[in-house]
Amino acid sequence: MPDNVKKIDKYEIIEEIGRGGMAIVYKGLHPFLEEYVAIKVLPEYFVQDREFVERFTREAKTMIALQHPHIVRIYDAGIYENKYFIVMDYIRGRTIKELISDKKDKLLDVDKIIDIVMQVADALSYAHKHNIIHRDVKPSNILYDESRESAYITDFGIAKAVSGTKLTQTGVSLGTPEYMSPEQFSETSDVDQRTDIYSLGIVFYEMLTGDIPFKGDTPLGVAYKHVHSYPTRPRIKNPKISVYLEKIILKMLAKDPNDRYQSMDEVIQDLKLFKDKDYEHMIASSYVEEKKCKLTVRSEPEGAEIYLDGEYIGVTPLEDTEVSFGKHKILLVSPGYKVKTDDLEIPLTKKAHEVFFKLQPELGLKKEKVNEKGLSEEDTVAIPKVDVKEEIPHEEQREEITSSEEKTVKMTKENKSEELSNAESPKISVKPEEKETIPIGSRSKNKVSSLKPLIAVLSIIMLLVLGFFIIKGNNRQSTTNTNNITPQLAYLSISSEPQGAEVYIDGVKVGITPLNEFSTKPGTHTIKLTKEGYLDSNATIDIKEKESKTLSYTLKEKTSTTTAEKDIPVSISSNPAGAKVYIDGKEIGATPIANYSMKAGTYTLKLIKDGYKEFSQTLTLSS
């Protein structure tokens with residue numbers, strides 16, 4: 001169709017607002033209602049294709065039968081100058097795909113995401129109850145009006161009746177591969193409402209993480225992953241996601257439809273329980289992935305605490321613990337050693353998987369034996385023997401005196417090279433000239449001369465002793481300096497009430513409570529504890545070398561600001577009566593409604609009745 005089209009049937013064309021593989025969408029003006037509308041037109045080159053025409057007309061017939069506040073409403077449809085067109089509500093907003101793209105590195109607000117999913121799930125539940133399955137739920141088919149905080153599902157082009165036949169092109173299932181359920185890729189599997197649950201789970205995953213779980217270079221590659229691979233856990237890509245919210249998503253993405261939620265109403269119910277923090281009654285709380293791998297974790301040294309995706313699973317050596325396939329974050333904590341973190345990927349084909357980690361001492365220190373003088377015994381340098389032989393006179397016999405001593409000085413690595421040159425000196429042997437032996441007591445004039453060798457021997461001995469003490473003193477000083485630059489570690493034990501709180505030290509997550517004997521540097525540290533449903537606990541502590549501290553915190557539960565508010569009775573009537581009433585997208589009955597209890601706040605009120613124009617109004621209640 002030419003881009004300069006000005007009119008379709010009675011509708012004035014304002015501008016083109018979207019273009020896809022199947023249709024072009026224009027913003028138009030309704031001539032009588034004077035309201036903007038969206039006009040979806042099948043391009044002329046598809047008009048001769050029976051398959052595309054069937055899809056297009058199927059969408060018009062399907063959507064005109066569905067009247068729900070979160071399904072884009074159809075006003076009109078027909079053929080104009082050989083152009084097939086559908087006239088729909090004009091939504092002042094953007095698609096979820098555009099919202100995700102615009103956010104880039106910044107993710108959407110979790111509460112907003114949950115509201116969007118609940119609204120779309122409610123719309124799809126309505127369609128399912130009318131025996132219609134969408135089969136193409138994806139971000140580009142969900143519109144979001146930020147001013148009204150309202151989401152709308154559109155494009156029922158490949159929807160089918162539950163009892164209808166599967167609409168396909170030749171040998172190919174229709175849909176978008178990245179968002180299709182495993183059964184949509186099978187020629188034998190039946191497709192029911194649970195396929196929409198899977199696709200909405202993919203959209204949910206993408207909004208929370210900014211990424212889709214399954215990618216591939218070809219549609220066939222993507223299809224294979226949907227059928228055979230498990231998604232990376234959402235909390236690995238976005239650690240801020242609650243573990244309970246993750247369970248809801250994983251149950252929506254179960255490979256076997258029987259393991260998924262069986263209806264959209266179950267999804268909505270679990271999301272309501274999650275928002276109310278009633279995790280115990282959530283269906284997803286008991287969900288376990290149907291296929292597991294036996295994981296064995298070993299470490300050197302043993303006894304390290306193991307955390308998988310933030311959850312404590314035991315200490316090393318850990319044998320044959322069942323974990324799900326896919327990607328995980330593993331963390332090992334052991335007092336005196338650096339925290340070890342790593343990415344772990346377990347292929348679907350492996351029945352058992354073993355990993356080994358060699359832990360590094362904290363601050364790079366090696367564990368060495370230390371003697372009572374505080375010196376390492378790893379390296380020793382020996383001062384060689386010094387033999388001094390001298391013959392001295394004796395009254396009855398000549399007595400040989402041998403001064404022989406081996407001294408070993410323990411040294412640290414810092415002064416080893418400094419002393420090594422002294423240690424490598426050759427053996428010293430001193431042999432003075434032989435002198436005539438004179439009996440003791442003789443007053444010969446040679447007496448003084450005969451004592452010279454003895455004096456020489458004593459001098460050498462004194463020099464050796466003095467050198468030993470100098471070396472010893474240097475070693476003490478070196479050891480003292482070494483101790484000054486390598487401080488001893490300190491140890492923290494942290495508990496909380498309730499347990500299971502995530503522990504952050506200086507902004508780095510180190511585990512969950514109870515945390516026992518965690519090694520850290522001495523000094524000042526910030527401690528932060530976080531747990532879903534509880535207020536964060538923050539503290540600053542000081543800890544000294546070798547000191548062990550035990551800290552205990554009682555977490556305060558978050559309280560809703562609306563719990564203390566009084567109920568406000570609201571009555572709603574219409575002329576004529578019998579209009580369906582929706583509060584924030586939730587149907588509460590039909591008019592007249594008397595004394596419906598509501599809290600103070602702002603709501604979107606909608607009234608819908610067949611044959612009448614939809615009524616919409618913002619309702620503000622004050623206590």
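Biologist: K40 first. Is it buried or exposed?
Modeller: Buried. This is a predicted model, and in it K40 has 9% relative accessibility. The cut-off for buried is under 20%, so K40 qualifies.

Biologist: Which residue does K40 form a salt bridge with?
Modeller: D155. The closest N and O atoms are 3.4 Å apart.

Biologist: Where do the two sit in the chain?
Modeller: K40 is in strand β4, residues 36-41. D155 is in the loop between β10 (150-153) and β11 (160-161). They are 115 residues apart in sequence, so the salt bridge ties together distant stretches.

Biologist: How many salt bridges turn up in the whole structure?
Modeller: A full search gives 24.

Biologist: What about R298, which partner does it meet?
Modeller: E354, at 3.0 Å from N to O. R298 belongs to strand β14 (residues 292-300) and E354 to strand β20 (residues 352-358). The two are 56 residues apart. R298 is partly exposed, at 29% relative accessible area.

Biologist: Which residues are joined into a network by shared salt-bridge partners?
Modeller: R94, D102, K112 and E146. Within that group, D102 and R94 pair with their closest N and O atoms 2.1 Å apart. D102 is partly exposed at 47% relative accessibility. R94 is partly exposed too, at 31%.

Biologist: Switching to the core. How many residues are in the largest nonpolar one?
Modeller: 70. F204, M207, L245, I248 and L271 have the most contacts inside it. Helix α3, residues 110-129, supplies the largest share, with 11 residues.

Biologist: What does L271 touch, apart from neighbours within four places in sequence?
Modeller: I114, V117, M118, F204, L245 and I248.

Biologist: What other core is there?
Modeller: One of 21 residues, lying apart from the largest. Its members include Y307, I494, I505 and V510.

Biologist: Now rings. How many aromatic pairs are there?
Modeller: The count is 4. Take F274 and Y279. Their ring centres are 6.0 Å apart and the planes are at 45 degrees, so the pair is tilted.

Biologist: Are those two buried or exposed?
Modeller: Both F274 and Y279 are buried. They also form one aromatic cluster with Y244.

Biologist: Last one. Which ring does the charged end of K251 sit over?
Modeller: The ring of Y261, 5.6 Å from its centre. K255 has a similar placement: its charged end sits over the ring of Y230, 5.8 Å from the centre.

How values were computed:
Residues numbered from 1 in each chain as written. Predicted model: local features only at pLDDT ≥ 70, side-chain atom pairs only at ≥ 80, totals over all residues. Heavy atoms only, no water. Core = buried A, V, L, I, M, F, W, Y, C linked by side-chain atoms within 4.5 Å. Buried < 20%, exposed > 50% of the residue type's maximum accessible area, 1.4 Å probe, protein only. Helix = DSSP H or I, 4+ residues; strand = E, 2+ residues; numbered from the N terminus. Contact = heavy atoms within 4.5 Å. Phe/Tyr/Trp six-rings, centres within 6.5 Å; stacked < 30°, edge-to-face > 60°. Lys NZ or Arg CZ within 6 Å of the ring centre and 35° of its normal. Salt bridge = Lys/Arg side-chain N within 4 Å of Asp/Glu carboxyl O.
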